[in-house]
Amino acid sequence: MYGLILTVCIGCLVYSHWILPGMREKSISAFEAGNVSLARSNDSGYNMALNPLAVLNAPSIHLKLLVYDNASEDAINHGAGLVEGSGDIKNHKGHAILTAHNGDPTNDLFINVPSLKLGDHFYLTNSKGITDKYEIIQTQKVEPIGELQHLMKPKKGQFLVTLRTCVPIGINSHRFLTTGIYKGHVKKIEKPRFTLSVVDYGLMGIGAVSGFLLVGSLYKERKSGKIKADKEGTK
C-alpha cells in the first residue's frame with residue numbers, strides 16, 4: 001500500500017511538471033506560429049470551438065497557459081478564459097478578466113496566482129508574436145458575491161487585466177483577484193522561476209512519509225524473516 005501511495009504521488013508530480021507542460025507547449029507553439037487551428041487540435045478532449053487569443057506568461061510563478069475567448073468549463077479546466085463582457089485584450093480597452101480554476105494534483109492552472117506580489121509582471125503574447133507587459137498594482141481576496149465591485153476602474157488611457165481564481169484550495173469560498181496595468185510591448189520575457197504549489201508540497205510530504213513507512217515495513221519483514229530462519233536453523 002505504501003508503495004502504491006508513493007507511486008501515485010511521484011506520478012502526479014511528474015505529470016503536472018513535465019508531461020502536461022510538454023503537451024501544452026505543442027498547442028502554445030502552434031499558436032505562436034500563427035496556426036490557431038493546429039493549436040485547437042492539439043487540445044484533444046476539449047471543445048474544438050474554443051479559440052485561443054493569447055499566451056499568458058507569469059514568470060515569477062512559472063505559469064504559461066493559453067488564453068481562450070470564453071470562460072466556459074472547457075476553457076478554465078485547460079487554460080485561462082476571458083470573461084465575456086470584460087475588457088478587450090486585443091485593442092487594450094477597458095478591464096479584462098482572465099479566469100481559471102486553481103488546479104488539482106495533476107494540473108496547476110492558476111494555483112499559484114495568489115503568490116503574485118505587487119510589482120511582479122505577467123505577459124500576454126498574441127498570435128502575431130507581439131508581447132504585452134503588465135505590472136501588478138493590486139491583489140485582493142474577496143467574497144464571490146459582488147466581487148466585480150472590487151475591481152479597479154481604469155482611468156483614461158489605462159488598460160487593466162485581472163487574473164481571477166478561487167481560494168482557498170479545496171474550499172473555494174473566496175476569489176483572489178490580481179490586477180495588472182498595461183505597460184507596453186516588450187521583446188523579451190523574464191526568465192521563469194521554478195515554483196512548487198501547496199499541492200506539490202503536500203504530495204511530496206505524503207510521498208516522503210509513505211517512502212519512510214515502506215522502507216520501515218520492508219526492514220521489519222526482512223528482520224522477522226531472518227529471525228524465523230535463525231530459529232528454524234537452530235532446530
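Where does S60 lie? S60 sits in the loop between β1 and β2. The model is predicted, and the description below follows the residues from this loop to the cores, the aromatic side chains and the surface.

**The loop residue S60 and the strand residue T179**

Although S60 belongs to a loop, S60 is buried because its relative accessible area, 13%, falls under the 20% limit. Its contacts, leaving aside neighbours within four places in sequence, are L116, D120, R193 and T195.

T179 is found in strand β8, which spans residues 174–186. T179 is buried, at a relative accessible area of 0%. Not counting residues up to four places away in sequence, T179 touches H95, E135, I136, I137, Q138, M152, L160, V161 and T162.

**Nonpolar cores**

The largest nonpolar core contains 25 residues. Inside this core, the residues with the most contacts are I89, F110, L124, V161 and L163. At least two core residues come from each of the strands β1 (52–58), β2 (63–68), β3 (80–82), β4 (95–99), β5 (121–125), β6 (131–142) and β7 (160–167). The strand that gives the most is β1, with 4 residues.

What is F110 in contact with, leaving aside its neighbours within four places in sequence? The list is L56, L63, L65, A80, L98, T99, A100, H101, N102, L163, R164 and T165. L163 also appears among the residues with the most contacts inside the largest core.

Apart from the largest core lies another one, of 9 residues, which include A30, A39, V55 and A75.

**Aromatic pairs**

How many aromatic pairs are there? The count comes to 3. Two of them share Y134 and are set out here.

| Pair | Arrangement | Centre to centre | Angle between planes |
|---|---|---|---|
| F122 and Y134 | stacked | 5.3 Å | 10° |
| Y134 and Y182 | tilted | 5.7 Å | 50° |

F122 lies in strand β5 and Y134 in strand β6, so the stacked pair ties together parts that are 12 residues apart in sequence. In the tilted pair, Y134 of strand β6 is matched with Y182 of strand β8, so this pair ties together parts that are 48 residues apart in sequence.

Are these three side chains buried or exposed? F122 counts as buried, at 0% relative accessibility. Y134 is buried as well, with a relative accessible area of 0%. Y182 is partly exposed, at 25%, because that value lies between the 20% limit for buried and the 50% limit for exposed. F122, Y134 and Y182 form one aromatic cluster together with F159.

**A nonpolar patch on the surface**

Which residues make the nonpolar surface patch of about 490 Å²? They are I10, V14, W18, I19 and M23. V14 lies in helix α1, which covers residues 2–32. V14 is partly exposed, with a relative accessible area of 34%. This value is over 30%, so V14 meets the accessibility cut-off for patch residues.

Notes:
Residues numbered from 1 in each chain as written. Predicted model: local features only at pLDDT ≥ 70, side-chain atom pairs only at ≥ 80, totals over all residues. Heavy atoms only, no water. Patch = residues over 30% accessible without salt bridge, like charges linked within 9 Å, V, L, I, M, F, W, Y side chains within 5 Å. Areas by Shrake-Rupley, 256 points an atom, 1.4 Å probe, with all protein chains shown as cover. Salt bridge = Lys/Arg side-chain N within 4 Å of Asp/Glu carboxyl O. Buried < 20%, exposed > 50% of the residue type's maximum accessible area, 1.4 Å probe, protein only. Core = buried A, V, L, I, M, F, W, Y, C linked by side-chain atoms within 4.5 Å. Contact = heavy atoms within 4.5 Å. Phe/Tyr/Trp six-rings, centres within 6.5 Å; stacked < 30°, edge-to-face > 60°.
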